[in-house]
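Hello,

Here is the structure I promised to pass on to you. Please open it and keep it beside this message while you read.

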Amino acid sequence: MKQLFTILLFISLSFPGLAAMVTLSGYLKDKANGEALIGATIYIPEIKTGVITNPYGFYSISVPQGSYSVTFSFIGYQPQSPLIVLNESKQLNVLLEEDSEQIDEVVVSAEKKNRNVESLQMSMEKVQVKMIKKLPSFMGEVDIIKSITLLPGIQNGGEGSSGLYVRGGGPDENLMILDEAPVYNASHLLGFFSVFNSDAIKDVQVYKGGIPAEYGGKASSVIDIRMKDGNSQQLGMSGGIGNISSRLTVEGPIIKDKWSFIVSGRRTYADVLGKAIGIEELQDNQLYFYDLNLKTNIEINDKNRIYFSAYTGDDYFKAGESIYMRWGNLTSTARWNHLFSNKLFSNTSLIFSRYNYNLGIPSSGADQFDWTSQISDYNFKEDFTWYLNSKNRLTLGFNLIYHHFEPGAVDANEGSYFTDLKLTNYNALDNSLYVSNEQTIGSRLTLRYGLRYSYFQQIGKATVREYLNPDRPNDEEVIGTIEYGPGKLVPPSYHNLEPRLAIKFLLNPESSLKASYNRMAQNLHLISNTNSPTPLDIWLPSNHYIKPLIANQVGLGYFRNFKDNMFETSAEVYYKKMKNVIDYIDGAELFLKEDLETELLRGSGYAYGLELYAKKQEGRLTGWVSYTLSRSMREVPGINEGNAYPSSYDRTHVGSVVVNYDLSKRWNISSTWVYSTGNPTSYPVAKYDVQGTTYYYYSARNSNRIPDYHRLDISATYDFKKNDRKKVKQSLNFSIYNVYARRNAYSITYRQNEEKPNVSEATRLSIIGSLIPSVTYNFNF
């Protein structure tokens with residue numbers, strides 16, 4: 001570490017004129033509630049230099065001594081341009097006020113209007129919670145994850161699916177973090193809702209490519225979600241009452257301007273109301289989910305801030321004495337921000353995450369059993385940002401993670417015909433280092449180059465089976481086992497270098513070209529033969545038979561704005577090559593399977609695509625149109641005779657249209673329309689009878705498709721007249737989901753016709769086949 005800082009010091013001193021520079025630094029916050037403004041712009045027109053705030057609202061810019069008109073701006077807020085005399089380094093915290101003319105408008109972007117052109121980052125989308133709340137909702141619940149799928153390059157598996165497919169990757173290839181803590185299953189009610197309560201969320205950033213070096217561990221994308229810090233100015237309350245759920249958020253200062261908190265909860269109540277009004281089907285059954293978000297932050301002094309945040313959420317389903325299921329996430333994060341100087345910012349994090357699930361039959365009869373499984377993470381993370389000068393910003397850090405896996409255990413009573421069973425637990429170390437520099441060269445060219453090193457090691461206690469053919473394990477060809485005691489290293493260890501590169505060339509103030517490359521290594525694998533995560537899925541670490549998934553992706557993009565940045569457009573192309581992708585043998589059995597490696601096949605894959613995006617950012621009419629043309633292919637020995645076949649996440653055409661229109665100061669209407677090519681599947685091409693039982697012979701893997709998916713949703717929002725004395729804001733949202741009642745297919749299966757046994761007929765499973773209206777009352781004071 002000493003040698004590293006010596007090298008960095010040498011680099012910083014090698015820039016000419018550094019001794020004559022002074023530094024302006026500080027924080028940008030919302031004046032009304034004290035929330036940090038992420039991505040706000042600080043710009044000095046005299047020298048055409050600027051920076052943006054980091055995820056904690058901090059900025060630092062070094063300039064020659066002198067007097068400058070410094071502009072602090074954030075879309076939706078009134079900019080400030082004070083004249084600042086900088087004869088020496090100075091710390092200046094700035095509070096921005098919301099622009100009264102824009103408060104009631106739909107905010108499509110909360111960044112500088114031409115940020116898409118000027119920003120170095122490509123293949124990144126920022127989702128604004130204020131915008132999401134204006135969109136049509138399902139059963140009265142606006143959903144962050146479903147809103148993300150309206151953006152180019154991101155799809156899901158349809159109704160009842162929580163998995164995201166990003167640029168041809170699977171649902172386990174997305175690093176989804178809430179205040180830096182990983183969330184392993186982000187679904188409620190088997191995918192109809194996500195675990196993220198929009199009332200508790202401040203910022204959402206989605207990286208599809210050009211992923212910065214500070215992120216790693218997953219192959220396809222990063223979804224970085226930040227919770228609100230809590231109002232440090234005054235006590236406030238917000239919430240909503242919908243068809244099946246209610247939300248309530250309370251936030252305020254403990255010590256004004258120094259210490260704040262936020263508590264946000266959400267719960268469905270269909271089961272409670274159903275029992276209360278006498279619905280017979282719900283008397284002995286239960287079905288609900290809940291979320292609880294907690295956060296507090298303390299400003300100790302100008303150089304030290306502490307944040308504590310936590311999330312817990314559960315789903316519970318019980319059908320009398322027949323079956324029950326329960327699954328949920330628990331995360332907690334403790335963070336310490338420290339300023340070593342006005343140029344060196346650090347963040348230290350202690351992070352815990354756990355996902356557990358249970359399944360069983362609760363009766364005391366012969367069929368009673370309880371099945372449990374979980375994955376837990378313990379994480380120590382250190383990040384530094386060094387603002388070397390106005391042309392270079394260096395980021396570096398390390399991450400130490402301990403994973404604990406419990407794939408499954410069955411506990412049965414003495415009278416049950418089930419027997420106790422416990423699958424082998426796994427432990428692993430997942431450590432990484434990274435360094436990256438963002439450098440501006442002249443007025444047109446900006447680069448970000450970095451390197452991430454990852455080290456993954458499984459540790460005992462462990463049992464490794466040896467097979468006659470290690471490349472194709474077969475449970476009938478076990479030739480021995482090797483035992484490793486507690487704490488012993490289980491070979492092999494995996495070392496990966498992951499270079500990252502991003503380039504931006506500004507053609508003119510309205511347009512730019514961007515390119516990116518990233519290599520990602522993934523050592524956690526979701527073992528599931530369904531297209532969407534379910535509570536029964538199993539997470540396993542890389543080991544002797546499951547290799548790390550390696551993805552190399554390149555991207556190129558053209559960004560162009562029109563009419564003084566009123567219209568924003570972009571076109572991106574990408575190509576992604578993947579190694580060590582996992583697929584499954586025909587008829588794979590994964591449930592409570594000890595030697596899962598015998599059910600898996602390993603191969604390669606590739607994905608490529610074109611993403612088009614056009615957005616109108618201001619005026620009474622706002623919204624966007626997106627279109628993605630893409631392919632996602634796999635080549636796995638043992639499947640399709642080794643020939644390439646479409647992956648389960650292949651969607652050739654995907655499009656969406658989002659429209660918001662302010663009819664008046666009180667009424668807003670919005671609509672979304674989505675279209676997607678049908679999911680790949682395999683249909684039977686022949687059948688044969690064996691002793692009265694019909695067996696089907698299927699076509700090549702994923703050689704067919706279910707019908708295309710499309711859906712229209714609409715909503716209208718009425719804002720009540722604001723009570724200035726009580727400062728109460730109220731609104732009613734009316735939504736219709738699936739307006740033209742399309743029965744989109746979730747799957748297609750074949751069966752014998754009951755009247756004509758010799759005839760096979762296709763049956764369509766549709767999760768939703770009718771329109772679904774909803775009404776939600778929202779309040780804020």
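Below is what turned up, taken one topic at a time.

Before anything else, please keep in mind that this is a predicted model.

Strands and sheets

Let me start with an open sheet of 5 strands, whose order is E10-E17-E18-E13-E14. The pairing in this sheet is mixed. At its edges you will find strand E10 (124-127) and strand E14 (181-182), each of which pairs on one side only. Inside the sheet, strand E13 (residues 174-178) and strand E18 (residues 221-227) run parallel and are joined by 5 bridges. If you would like a spot to look at there, go to Leu178, which stands opposite Ile225 in E18.

Further along the chain, strand E49 (residues 729-737) is a good place to stop, as it has bridges to both E48 and E52. With strand E48 (residues 709-719) it shares 6 bridges, and the two run antiparallel. One pair to look for here is Ile714 and its bridge partner in E49, Ile736. Strand E52 (residues 772-780) is also antiparallel to E49, and 9 bridges join these two. Lys729, for its part, has Asn780 in E52 as its bridge partner.

Cavities

How many cavities of 30 Å³ or more does a search of the whole structure find? The count is 11, and the largest cavity has a volume of about 590 Å³. Its lining is made up of 43 residues, and those nearest the centre are Thr149, Asn156, Val674, Tyr709 and Arg711. The elements giving two or more residues to this lining are helix H4 (144-148), strand E11 (154-156), strand E42 (653-662), strand E43 (667-676) and E48. E43 provides the largest share, with 4 residues. Sorted by class, the lining of the largest cavity holds 19 nonpolar, 16 polar and 8 charged residues.

A patch on the surface

Finally, please have a look at the outside. Leu621, Val625, Val657, Val659, Trp673 and Tyr740 form a nonpolar patch on the surface. Together these residues have about 450 Å² of accessible area. Strand E40 (621-635) and E42 each supply at least two residues of the patch, and Leu621 is found in E40. You will have met E42 already, among the elements that line the largest cavity.

That is everything for this handover. Enjoy exploring, and do write back with any questions.

Best wishes

Definitions and conventions. Residues are numbered from 1 along each chain as its sequence is written. This is a predicted model: local features need pLDDT of at least 70, side-chain atom pairs count only at pLDDT 80 or more; totals for chains, interfaces and linings use all residues. Side-chain values use heavy atoms; hydrogens and water are left out. Two strands pair if DSSP finds at least two bridges between them. On a 1 Å grid over the protein atoms alone, a cavity is a set of points where a 1.4 Å probe fits but cannot get out, and a pocket is an open set with protein on both sides within 12 Å along at least five of seven lines; lining residues have an atom within 4 Å of a point. Grid points are joined across faces, edges and corners, and a volume is the space filled by probe spheres set on the points. Ala, Val, Leu, Ile, Met, Phe, Trp, Tyr, Cys and Pro count as nonpolar, Asp, Glu, Lys and Arg as charged, and the others, Gly among them, as polar. Patches are made of residues with over 30% relative accessible area and no salt bridge: like charges are joined within 9 Å, nonpolar side chains (Val, Leu, Ile, Met, Phe, Trp, Tyr) within 5 Å. Accessible areas come from the Shrake-Rupley method with a 1.4 Å probe; for residues, only the protein chains shown count as cover. A salt bridge is a side-chain nitrogen of Lys or Arg within 4 Å of a carboxyl oxygen of Asp or Glu.
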